[in-house]
Amino acid sequence: MEIEIAAVGGYEEVGRQMTAVRMDDDIVVFDMGLNLSKVLIHDGVETEGMHSLDLIDMGAIPDDRIMSELDGEVRAIVPTHGHLDHIGAIPKLAHRYDAPVVATPFTIELVKDELSWESKFDTNNDLVKMKAGGTMPIGDSGEIEMEFVNVTHSTIDAINPVLHTPEGAVVYGLDKRIDHNPVLGDPIDMERFREIGREGEGVVAYVEDCTNANRKGRTPSESVAREQLKDAVYSMEDYDGGILATTFASHVSRVTSLVEFARDIGREPVLLGRSMEKYSGIAERLDLAFDEQVDMYGHGREIDTQFSRIMDEGKENYFPIVTGHQGEPRAMLTRMGRGETSFEIDEGDKVIFSAGVIPEPTNEGQRYQSEQLLRMQGARIYDDIHVSGHLRQEGHYEMLDALQPQHVIPAHQDLKGLSGYVELASSQGYKQGRDLHIADNGTIIPITE
């Protein structure tokens with residue numbers, strides 16, 4: 001069987017992920033993502049009504065015109081999880097392919113939400129839910145099967161898809177960390193990865209997320225961040241002013257912890273912001289999070305009403321959990337810092353950033369500006385109470401040891417960011433140009449003949 005892998009997007013940066021695997025006449029596409037920073041640098045841009053070609057020219061979504069060079073039929077579009085850099089281009093590109101979008105239940109609901117905002121293209125692809133541990137045939141030959149292996153990440157219901165072929169397995173390894181004690185959901189299924197590495201012909205190719213490949217050591221569990229967060233929030237129990245927090249809206253586990261600790265210190269948690277309501281609302285409807293009902297508001301007038309209520313009834317009674325962890329210009333926390341809401345930040349008020357800065361210049365600049373605006377109003381900043389959702393070097397070593405892949409393809413970083421992974425893989429016997437493939441966007445890598 002002839003296998004080749006097309007590095008469509010996300011191989012020169014963090015963002016706009018898209019990879020295609022061709023196995024003879026059958027093709028599976030993994031991820032169709034957005035590079036949000038390429039949109040945010042253009043003031044007032046609304047992507048919903050934009051043409052895909054314009055977004056490709058901006059560098060915001062993958063340039064999938066390379067797909068015409070693959071001689072086969074796309075059988076499935078498979079987003080690994082619900083982050084925008086993995087699903088954000090589906091409304092712009094999926095309609096070009098006569099193939100279903102196959103993902104876990106939480107991710108499918110997020111895809112539906114993205115499609116509901118699209119105004120330029122009609123996307124009629126079937127949306128198929130498959131849970132971690134599930135399998136489905138690919139194509140008509142009966143020789144290819146796709147399996148979802150459960151992984152842990154900074155959002156829930158994430159998987160790594162595996163294509164089982166007569167030549168061996170192709171493992172698509174974006175995005176994950178090795179977490180044996182997650183706050184929500186099941187631990188990463190390392191036992192299954194080790195089995196895949198030993199089965200049949202083994203692993204013929206492994207595409208890996210290298211976001212943290214230059215960081216030494218091992219990525220801590222989400223339970224570590226939970227304990228750090230608990231310690232910080234409990235230390236504020238006697239403070240009688242404003243306390244608020246921000247984190248990734250998609251990080252439902254972190255939001256769940258914030259909600260619990262807010263109640264523990266006698267404050268009512270309130271989720272504010274469109275993406276906060278979207279992710280947490282879907283998780284609540286699917287019974288994936290929250291033991292008790294949580295108030296959440298995503299629309300302008302509703303949010304303004306809640307800010308007024310909080311000020312009228314006393315900031316000491318509430319714990320707003322808001323969007324804006326990267327300093328995004330239109331997010332709630334940024335608006336609060338600019339004084340555009342009725343929530344008044346007073347000297348000594350506490351602001352918790354339970355999120356690291358995504359290592360990209362636009363984010364770094366916006367986050368710095370947001371923090372400075374808050375400090376100018378007297379806020380005390382509790383920064384970087386967070387653990388990453390991505391593997392560090394020892395996690396990468398564990399995955400290579402488990403899978404023993406014949407070919408390795410690092411992704412999800414620029415050349416500088418890939419360097420730590422290249423060094424690790426080289427130390428394990430892989431060689432660039434032979435079985436370690438450094439790809440640019442638009443590269444097609446032959447795996448078998």
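Which residue is the bridge partner of V28 in strand 4? Before I answer, please keep in mind that what we are looking at is a predicted model. The bridge partner of V28 is A76, which sits in strand 4, and that pair is a good place to start walking through the structure.

Let me stay with strand 3 for a moment, because all of its five residues, 26–30, are buried, so the strand is largely enclosed by the rest of the structure. If you look at its two faces, you will find D26, V28 and F30 on one side, with I27 and V29 on the other, and both of these faces are covered. Strand 3 has a parallel neighbour in strand 4, residues 73–78, to which five bridges join it. Strand 3 also pairs with strand 2, residues 18–23, again over five bridges, but here in the antiparallel sense. Within that second pairing, T19 has F30 of strand 3 as its bridge partner. Strand 2 and strand 3 form a hairpin with two residues between the strands, and in this hairpin D24 takes a positive phi near 55°.

Now please move along to strand 9, residues 159–165, where seven of the seven residues are buried, so that the strand is mostly covered. I159, P161, L163 and T165 point one way from strand 9, while N160, V162 and H164 point the other way, and every one of them is buried. Strand 8, residues 145–150, runs antiparallel to strand 9 and is joined to it by six bridges, and among the paired residues F148 has P161 as its partner in strand 9. Strand 10, residues 168–173, pairs with strand 9 as well, in the antiparallel sense and over four bridges. In that pairing H164 stands opposite A169 of strand 10, and the hairpin that joins strand 9 to strand 10 passes through two residues.

Let us turn from strands to a helix. Helix 5 covers residues 105–117, and its 13 residues reach 19 Å from the first C-alpha to the last, which is close to the 18 Å expected at 1.5 Å a residue. Is this helix largely enclosed or largely open? Of its 13 residues, 10 are buried, so helix 5 is largely enclosed by the rest of the structure. The buried residues include F106, I108, L110 and L115, and also E109, D113 and E114. What covers them includes helix 3, helix 4, strand 5, strand 6, helix 8 and helix 9.

One of those covering elements, helix 3, is where H86 is placed. H86 is buried, with a relative accessible area of 0%. Leaving out residues up to four places away in sequence, H86 touches ten residues that include Q17, D31, H81, D175 and H412.Finally, a word about the empty spaces. The second largest pocket holds about 480 Å³ of space, and of the 27 residues that line this pocket, N150, I156, D157, G185 and D186 are the closest to its centre. Helix 5 and helix 8 are the elements that give two or more residues to this lining. By class, the lining has 12 nonpolar, nine polar and six charged residues. There is also one cavity of 30 Å³ or more, and the largest cavity holds about 30 Å³. I178, R218, T219, L391, R392 and G395 line the largest cavity, and they divide into two nonpolar, two polar and two charged residues.

Note on methods: Residues numbered from 1 in each chain as written. Predicted model: local features only at pLDDT ≥ 70, side-chain atom pairs only at ≥ 80, totals over all residues. Heavy atoms only, no water. Expected span 1.5 Å × (residues − 1). Buried < 20%, exposed > 50% of the residue type's maximum accessible area, 1.4 Å probe, protein only. Contact = heavy atoms within 4.5 Å. 1 Å grid on protein atoms, 1.4 Å probe; cavity = no way out; pocket = protein on both sides within 12 Å on 5 of 7 lines; lining within 4 Å. Points joined across faces, edges and corners; volume = space filled by probe spheres on them. Nonpolar A, V, L, I, M, F, W, Y, C, P; charged D, E, K, R; others polar. Pairing = 2+ DSSP bridges.
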